[in-house]
Amino acid sequence: MRLGITCYPTHGGSGVFATELGKQLALRGHTVSFISYSAPLRLVDLPPRVTFHEVEAGEYPLLKQYPYTLALAAKMVEVATANRLQVLHVHYAIPFSPAAILARQMAPELNLRVVTTLHGTDTSLVGAAPYFHPVTRFSIEQSDAVTTVSEYLRNETVETFQIVRPIEVIPNCVDLDHYLRAARIDDGTKVVLHISNFREVKRATDVIRVFARARERIDARLVLVGDGPDLSRALALARACGVAGDVTTVGVVDDVAPFLQAADLLLLPSASESFGLVALEAMASGVPVVASRAGGLPEVVTDGEAGYLLPPGEVEGMAERVVQLLADADLHARFAAAGRRQAARFGCDEVVPRFEALYERVLRQPPAPPVMEPQAGAPG
Ligand code: GMT
């Protein structure tokens, strides 16, 4: 098949997964054209059958905001024509899905199909805002197929947007080999890792509170990977709690695997996660997870087996679990092994064929009807 993929090319989980999916599809013989304003970060080299097409973000004095959505739609048509694309698969509803629907309408002769994968923040935070709600709903209704990354997100989407059309749940996947790790050298100091974009939903200050409580009982360091609006607040709290000396910040990184290789535990106390790709990456690396029992996380991390899930905000309980896992080597080893085993459910070989089947199905469906030609005599 000949596929176009559009995603946010930055560090978010949606872009990470979309890039992995594209690479895996190319390995399976499909041609994949990434269309975005810059090359996705994890698309370091272009593997065979993968191309990248940059959407020019221009400027014009008259326009306060450059109409990126329109530039993207135009680029989608250009690439679809040149590369004879059959499917445009967009990751994130706003603004990619409306752009793809517009591209499909602009070039009816291409018979393009639009597949929209919802990742969570696009519908729960951005798309659900009153001014975006109608266009998000329109995009979900008008796509040829829609997927969500978890059951939780499907239910939330149906409820928020009153959706009646089918939505298929296809989870994110990981390249299991990439996260395989050599035995970690344990020098006695345990490493607790948190990886996020430090937005409010991640509850970064809870990361510090949990770590500070656990630090009273065990020798540990906290490594913070990523950056965002709440990082400085979290660091200020670390100073106030007297643990700043045990906290290392490494900023934004392109590949989290080396940090997971050096970690003993991942802490993810988010208010919600539609999926929690980083928890899956941790499990694939054999790193137990202490996280919130929220959103789609229970679909990824089996509580009491690969990690512990507690209600968001339950700092004491999370700290207790952190200490338990770091102080008991046997328990830690059992959770690490269970994590690896359970991550295999989300291996690319399990998930990618489900997308292939979905593309084949939408290609068998009749194409969306073209936009109506104005009727003769209608007011012009
Ligand atoms: O919030 C983020 O971490 C970024 C965001 C994104 O769109 O990249 O993440 C969302 O999509 C990821 C990939 O499907 C999921 O793993 C994250 O759970 C989800 N974030 C939230 O639901 C808060």
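**Stop 1: helix α8**

Start by selecting residues 204-215, which make up helix α8 in this predicted model. How many of the 12 residues of α8 are buried? The count is 9, so α8 is largely enclosed by the rest of the structure. Colour the buried ones if you like: they are Ala 204, Thr 205, Asp 206, Val 207, Ile 208, Val 210, Phe 211, Ala 212 and Ala 214.

What do those buried residues of α8 pack against? Show these elements around the helix:

- the strands β8 (190-195), β9 (220-225), β10 (247-251) and β11 (265-268)
- the helices α9 (231-240) and α13 (315-327)

Before moving on, try a distance from the first C-alpha of α8 to the last. You should get 17 Å, close to the 16 Å expected at 1.5 Å a residue.

**Stop 2: α1 meets α15**

Now hide that and select residues 13-27, helix α1, together with residues 348-364, helix α15. Their axes are 10 Å apart, and the helices pack at an angle of about 80°. That makes α1 roughly perpendicular to α15.

Turn on side chains to see who does the touching. From α1 you want Phe 17, Glu 20, Leu 21, Gln 24 and Leu 25. From α15, pick Cys 348, Val 352, Phe 355, Glu 356 and Tyr 359. Sorted by character, the residues in this contact come out as 7 nonpolar, 1 polar and 2 charged.

**Stop 3: Gln 24**

Stay in helix α1 and click on Gln 24. Is Gln 24 buried or exposed? With a relative accessibility of 12%, Gln 24 counts as buried. Setting aside neighbours within four places in sequence, Gln 24 is in contact with Asp 175, Cys 348 and Val 352.

**Stop 4: the cysteines**

Cys 348 leads us to the last stop. Select it along with Cys 173 and look at the two sulfurs. A disulfide is a covalent bond between the sulfur atoms of two cysteines. Why is there no such bond here? The sulfur of Cys 173 is 3.4 Å from that of Cys 348, its closest cysteine sulfur, and that is too far for a bond, because the cut-off for a disulfide is 2.5 Å. Cys 173 is also buried, at 3% relative accessible area.

Finally, jump to Cys 7. Its nearest cysteine sulfur belongs to Cys 173 and sits 13 Å away, and Cys 7 is in no disulfide. Cys 7 counts as buried too, with 1% relative accessibility. How many disulfides does the count come to? It comes to 0.

How values were computed:
Residues are numbered from 1 along each chain as its sequence is written. This is a predicted model: local features need pLDDT of at least 70, side-chain atom pairs count only at pLDDT 80 or more; totals for chains, interfaces and linings use all residues. Side-chain values use heavy atoms; hydrogens and water are left out. Axes are lines fitted to C-alpha atoms, for helices over the stretch in contact, and angles run from 0 to 180 degrees between N-to-C directions. Helices (H or I, at least four residues) and strands (E, at least two) are DSSP runs, numbered from the N terminus. Angles under 35 degrees count as roughly parallel, over 145 as roughly antiparallel, 65 to 115 as roughly perpendicular and the rest as oblique. Contact means heavy atoms within 4.5 Å. Ala, Val, Leu, Ile, Met, Phe, Trp, Tyr, Cys and Pro count as nonpolar, Asp, Glu, Lys and Arg as charged, and the others, Gly among them, as polar. Buried means under 20% relative accessible area, exposed over 50%, partly exposed in between (1.4 Å probe, protein chains only). The expected span of a helix is 1.5 Å times one less than its number of residues.
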